[in-house]
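Colleague: Mind if I quiz you on the labels you put on this one? I'd like to hear the reasoning behind each of them.

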Amino acid sequence: MGNPSDSPPADVKGPITHVIFDMDGLLLDTENFYTEVQEVILARYGKTFDWNLKPKMMGKKAIEAARVFVEETGISDTLSAEDFIVEREAMLKSMFPNSELMPGASRLIEHLHSKGIPICVATGSHTRHFELKTTKHRELFSLMHHIVRGDDPEVKEGKPSPDIFLAASRRFEGGTVDPKNILVFEDAPSGVLAAKNAGMYAVMVPDPRLDVSYHADADQVISSLLDFNPQPWGLPAFEDGES
Ligand SMILES: O=P(O)(O)OC[C@H](O)CO
Ligand SMILES: [Mg+2]
């Protein structure tokens, strides 16, 4: 268990040499698109989507999240998980190309890249959606050493399984990195658990609407990437003027 606070716990081993970023809700402001679409679909059934259900879906592969959605809302008899995915697709496809960066995302990525820290992305999002979501951000994502997506053959199970983060750690230059030297940035409870299950450190940047009970597994909780201080983790400090 971690000791969530605004600074890393005193027993952090590190130092951190490699960084893995989640994407949806962490680098890109895309979680609100999913929320909006799910609200629209549930309204047809006279139901509402809320932040009790949201944490159980976020970070997961599409089909895994879809199963949670139809089962937990009690509509699985009339709408299958597969049909839910088909139904929401047109709406998502029109929204994703407008995806915006979360505050501090480009500053942190550009800083770590400029200092030679190997960085990558591990997202539950599959390749087709990844391409749409990153339409406006190709240059920034090109700074990543590699990108692991939810439809990667090595990702057998979605978060909270450690599969995706372990696959990401194997693809850095020089082969597998010791998980104790890896810091994962995540917004989702399932993602924080996946990082911890992989033996890595996890900084959580949760949506303010997420219940605080979900913060407990993270090693550190910050309200924005803008608030991240690299130094206590053994990472190079921001220089004056970096914005
Ligand atoms: O948060 P990510 O990047 O793992 O994405 C997961 C789903 O696509 C959205 O919850
Ligand atoms: Mg996420």
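Modeller: Sure, and let's begin with a word we'll need for helix α4: buried means under 20% relative accessible area, with exposed being over 50% and partly exposed in between. By that cut-off, the buried residues of α4 are A81, F84, R88, E89, L92 and M95. Keep in mind that this is a predicted model.

Colleague: What covers the buried residues of α4?

Modeller: The cover includes α1, α3 (62-72) and α6 (127-133).

Colleague: How do you know that the length of α4 agrees with its number of residues?

Modeller: Helix α4 runs over residues 81-95, so there are 15 residues, and at 1.5 Å a residue they should span 21 Å. The expected span takes 1.5 Å times one less than the number of residues. The end C-alpha atoms are 21 Å apart, which agrees. There is a bend, though: about 45 degrees, at E89.

Colleague: Why are α3 and α4 called roughly perpendicular?

Modeller: They pack at an angle of about 105 degrees, with their axes 8 Å apart. Angles of 65 to 115 degrees count as roughly perpendicular, and α3 and α4 therefore get that label. On the α3 side, A62, I63, A66, R67, F69 and V70 meet A81, E82, F84, I85 and R88 of α4.

Colleague: What makes D22, D24 and D187 donors of the magnesium ion (ligand 2)?

Modeller: Distance. A donor is an N, O or S atom within 2.8 Å of the metal, and these protein donors lie 2.0 to 2.2 Å from the magnesium ion. D22 and D187 each contribute OD, while D24 contributes O. In sequence the spacing reads D-x1-D-x162-D.

Colleague: Why do you say that the pair D22 and D187 ties together parts of the chain?

Modeller: D22 is in the loop between β1 (18-21) and α1 (31-43), and D187 is in the loop between β4 (182-186) and α9 (189-197), so the pair ties together parts that are 165 residues apart in sequence. Both D22 and D187 are buried.

Colleague: On to α9. Is L193 buried, partly exposed or exposed?

Modeller: L193 has a relative accessible area of 34%. Buried needs under 20% and exposed over 50%, so L193 is partly exposed. In the same helix, P189, S190, G191, V192, A194 and A195 are buried. Among the elements covering the buried residues of α9 are α2 (54-57), α8, β4 and β5 (201-204).

Colleague: Which residues does L193 touch, not counting those up to four places away in sequence?

Modeller: P160 and D217. Contact requires heavy atoms within 4.5 Å.

Colleague: What makes the peptide bond between K159 and P160 stand out?

Modeller: That bond is cis, with omega about 15 degrees. Most peptide bonds are trans. P160 itself sits in the loop between β3 and α8.

Colleague: R149 is in the loop between β3 (146-148) and α8 (163-170) too. What does R149 contact, leaving aside neighbours within four places in sequence?

Modeller: T123, S125, T127, F130, E131, V155 and I164.

Colleague: Last one: which residues of helix α5 (residues 105-114) are buried, and what follows the helix?

Modeller: A105, R107, L108, I109, H111 and L112 are buried. They pack against β1, β2 (119-122), α7 (138-141) and β4. After α5 comes G116, with a positive phi near 80 degrees. Likewise α9 is followed by G199, with phi positive and near 80 degrees.

Note on methods. Residues are numbered from 1 along each chain as its sequence is written. Chains are lettered from A and ligands numbered from 1 in the order in which they are written. This is a predicted model: local features need pLDDT of at least 70, side-chain atom pairs count only at pLDDT 80 or more; totals for chains, interfaces and linings use all residues. Side-chain values use heavy atoms; hydrogens and water are left out. Donors are N, O and S atoms within 2.8 Å of the metal (3.2 Å for Na, K and Ca); water is not among the atoms, so sites may look incomplete. Helices (H or I, at least four residues) and strands (E, at least two) are DSSP runs, numbered from the N terminus. Buried means under 20% relative accessible area, exposed over 50%, partly exposed in between (1.4 Å probe, protein chains only). The bend at a residue is the angle between axes fitted to the seven residues ending there and the seven starting there. Axes are lines fitted to C-alpha atoms, for helices over the stretch in contact, and angles run from 0 to 180 degrees between N-to-C directions. Angles under 35 degrees count as roughly parallel, over 145 as roughly antiparallel, 65 to 115 as roughly perpendicular and the rest as oblique.
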